[in-house]
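Hi,

Here is the model I promised to pass along. Have a look at it first, and then read my notes underneath.

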Amino acid sequence: MLDPKLLRDNPAELIRRLNTRGDDFTQSIEALVVLDVQRRETQTEFNRTQATSNQIGKQVGELVRKGASADGPEVQALRQQGNDLKASLAMLQEKDRDLEEKFKIELLKLPNLPNPSVTVGKDENENLEVAVWGELPTFDFEIQDHYDIGLRLGLFNFERATRVAQSRFVTLIGDGAALERALISFMLDRHRNHGYIEVMPPYLVNSASLTGTGQLPKFAEDGFKCADDDLWLIPTAEVPVTNLYRDEILKASELPIRHCAFTPCFRREAGSYGRDTRGLIRLHQFHKVEMVKFCRPEDSEAEHQSLVADAADILQQLELPYRVLELCTGDMGFAAARCYDLEVWLPAQNRYREISSCSNCGDFQARSANLRFKEADKKGTEYLHTLNGSGLAVGRTFAAILENYQNADGSVTVPKVLRSYLGKEQIT
RNA sequence: GGAGAGGUGGCUGAGUGGUCGAAAGCGGCGGAUUGCUAAUCCGUUGUAGGUCGAGUAAUCUCCUACCGAGGGUUCGAAUCCCUCCCUCUCCGCCA
């Protein structure tokens, strides 16, 4: 969530900067400013009343200690005063909590402020292409898309997965399952070599965790929720991994912390019914290797650059052509202050498709998840910065390999770096 | 799931319902002493919110909340009662 102080200092500037995301935040900010004033007024009054009540309690204590009878007139009078305060105290407390709650929920619904240097734009058409890598493959035969290739090679089955679960699920089979597993191992090993500490977090998380990273309260309809428990299936490893240190005060000397994690990810994909219905591109359950970093504010820019480089490294190792986009203000995710997308070349679609999204969230998540650090020789605590990026979405990598490495005879060549993992050079 | 024990500050660990935000120790920080290291001594040391005042400012004074979470009893709760969560031991079940 945003720093509530921004509402007091310069709400007009806040509105202006948030509006670059493409929505109009005027009303919600103005409502929040009013709520903020109200809640502080109420809080002040509640505090004052509480102080009076505490004072009475102390006076009784003093009298009793001095030997006054608990039923004596002085004590009785004070008890009466205390009782008289109770009603208004309860009322003020309730009002205070209501306002606090409402304020927090509304504040949590505001997205992060884009970094001032991010290009202002309204949608994905205004993203900036900042790098292109690799040569696009050429084929002297009629190419197939990953769906047809995989089906023909028996790498997966959608009908049976639909029977078992629902549409937008897949079952990987044989070399398909093994390729997926090889990709996961390869990616994790690579990240470990780059200094990331691997973690295997829970795949179910509570609502406090989803609030910490920004999925709640605004995007509840995107998640799968357990009916009988306060538990949700994770939409990305970003959620459990970022929340690992929720409510902690880390030592500055422990930073930066860099984690990588493989997890399945579960998304309802509400509102995308017609899109990418074919193949592995958009599923309710998919695999992803994620990188998550925690660092000092002054280091987050550099950590962001290396995060992108580490994601790109996987594509380079796999020799898959890709490009890097710096997202404009209108296309960035909720928690991101700056975001780079990596897009892999899919020959059958004749275009690049997103395969990684690398965000610098600044202190936005740190504030909602209460992730702080303390400098040993300094007083007080500071919110750290969080970053996360896919490294990579495994299913989309799988699809990209099938399409880019397909051969005229219908086989698929296994990328060099995966051969030792898979134990073969060709999938036939 | 059943029975029992327990959850206190960075850690260990006290705490008869009434100056308890909380003893003590360790650790941390500042200082003194000291050929070096070690040791010793003195001081200091939680987080968050609010607010009047002082200060350019860091900050300080004051108020409030926080002893797992939420309720309740009481003039007053770390302390008593209820519910929930978590940890430990034993039993049951289970990969």
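Below is what I found, starting with the RNA and moving on to strands, cysteines and charged pairs. Keep in mind as you read that this is a predicted model.

**The RNA side**

RNA strand B is surrounded by 22 residues, and the closest are R8, Q43, R97, R372 and T381. On the RNA's side, sugar and phosphate make up 77% of the strand B atoms that come within 4 Å of the protein.

A few polar contacts are worth pulling up in your viewer:

- R8 places a polar side-chain atom 2.6 Å from a phosphate oxygen of RNA strand B.
- N83 has a side-chain N or O atom 3.2 Å from a phosphate oxygen of RNA strand B.
- N47 has a side-chain N or O atom 3.0 Å from a sugar or linking oxygen of RNA strand B.

Which elements give two or more residues to the surface near RNA strand B? Those are α3 (26–65) and α4 (73–108). The most comes from α3, with 13 residues. Sorted by class, the surface near RNA strand B holds ten polar, eight charged and four nonpolar residues.

R8 turns up again away from the RNA: together with D36, R39, R40 and E100, R8 is part of a network of salt bridges.

**Strands**

One open sheet has three strands in the order β7-β13-β14, and the pairing is mixed. At its edges stand β7 (249–251) and β14 (382–383); each has a single partner strand, so one side of each has no neighbour in the sheet. Strands β7 and β13 (residues 372–374) run parallel and are joined by three bridges. If you want a residue pair to look for there, L250 has F373 in β13 as its bridge partner.

Then there is β9 (residues 285–295), which is mostly covered, with nine of its eleven residues buried. Strand β8 (residues 257–266) pairs with β9 in the antiparallel sense over ten bridges, and F266 has Q285 in β9 as its bridge partner. Strand β15 (residues 385–393) also runs antiparallel to β9, joined by seven bridges. Within that pairing, K288 is matched with A393 in β15.

**Cysteines**

How many disulfides does the structure hold? Zero. I went through two of the cysteines to see how far off they are. For C265, the closest cysteine sulfur is in C260, at 14 Å, which is too far for a bond. C295 is in no disulfide either, and its nearest cysteine sulfur, that of C361, is 11 Å away. As for solvent, C265 is buried, with a relative accessible area of 0%, and C295 also counts as buried at 0% relative accessibility.

**Salt bridges**

Some background before the pairs: side chains of opposite charge can pair when their charged atoms come close. Searching the whole structure turns up 26 salt bridges. Here are three I looked at, with N to O distances.

K122 and E126 meet through their side chains at 3.4 Å. K122 counts as exposed at 61% relative accessibility, while E126 is partly exposed at 31%.

E319 and K416 form a salt bridge at 3.2 Å. E319 is in the loop between α10 (300–317) and β10 (322–326), and K416 is in the loop between β16 (412–413) and α13 (419–422), so this pair ties together parts that are 97 residues apart in sequence. E319 is partly exposed at 40% relative accessibility, and K416 is exposed, with a relative accessible area of 53%.

R323 and E343 meet in a salt bridge at 2.8 Å. This one links distant parts of the chain as well, with R323 in strand β10 and E343 in strand β11 (residues 338–346), 20 residues apart. Is each partner buried or partly exposed? R323 is partly exposed, with a relative accessible area of 21%. E343, on the other hand, is buried, with a relative accessible area of 11%.

That's the lot from my side. Shout if anything looks odd on your screen.

Cheers

Definitions and conventions:
Residues are numbered from 1 along each chain as its sequence is written. Chains are lettered from A and ligands numbered from 1 in the order in which they are written. This is a predicted model: local features need pLDDT of at least 70, side-chain atom pairs count only at pLDDT 80 or more; totals for chains, interfaces and linings use all residues. Side-chain values use heavy atoms; hydrogens and water are left out. A residue is near a molecule or strand if one of its heavy atoms lies within 4 Å of it. A polar contact is a pair of N or O atoms within 3.5 Å; within protein, one must be able to donate a hydrogen and the other to accept it, and residues adjacent in sequence count only if both atoms are side-chain atoms. Helices (H or I, at least four residues) and strands (E, at least two) are DSSP runs, numbered from the N terminus. Ala, Val, Leu, Ile, Met, Phe, Trp, Tyr, Cys and Pro count as nonpolar, Asp, Glu, Lys and Arg as charged, and the others, Gly among them, as polar. Two strands pair if DSSP finds at least two bridges between them. Buried means under 20% relative accessible area, exposed over 50%, partly exposed in between (1.4 Å probe, protein chains only). A disulfide is a pair of cysteine sulfur atoms within 2.5 Å. A salt bridge is a side-chain nitrogen of Lys or Arg within 4 Å of a carboxyl oxygen of Asp or Glu.
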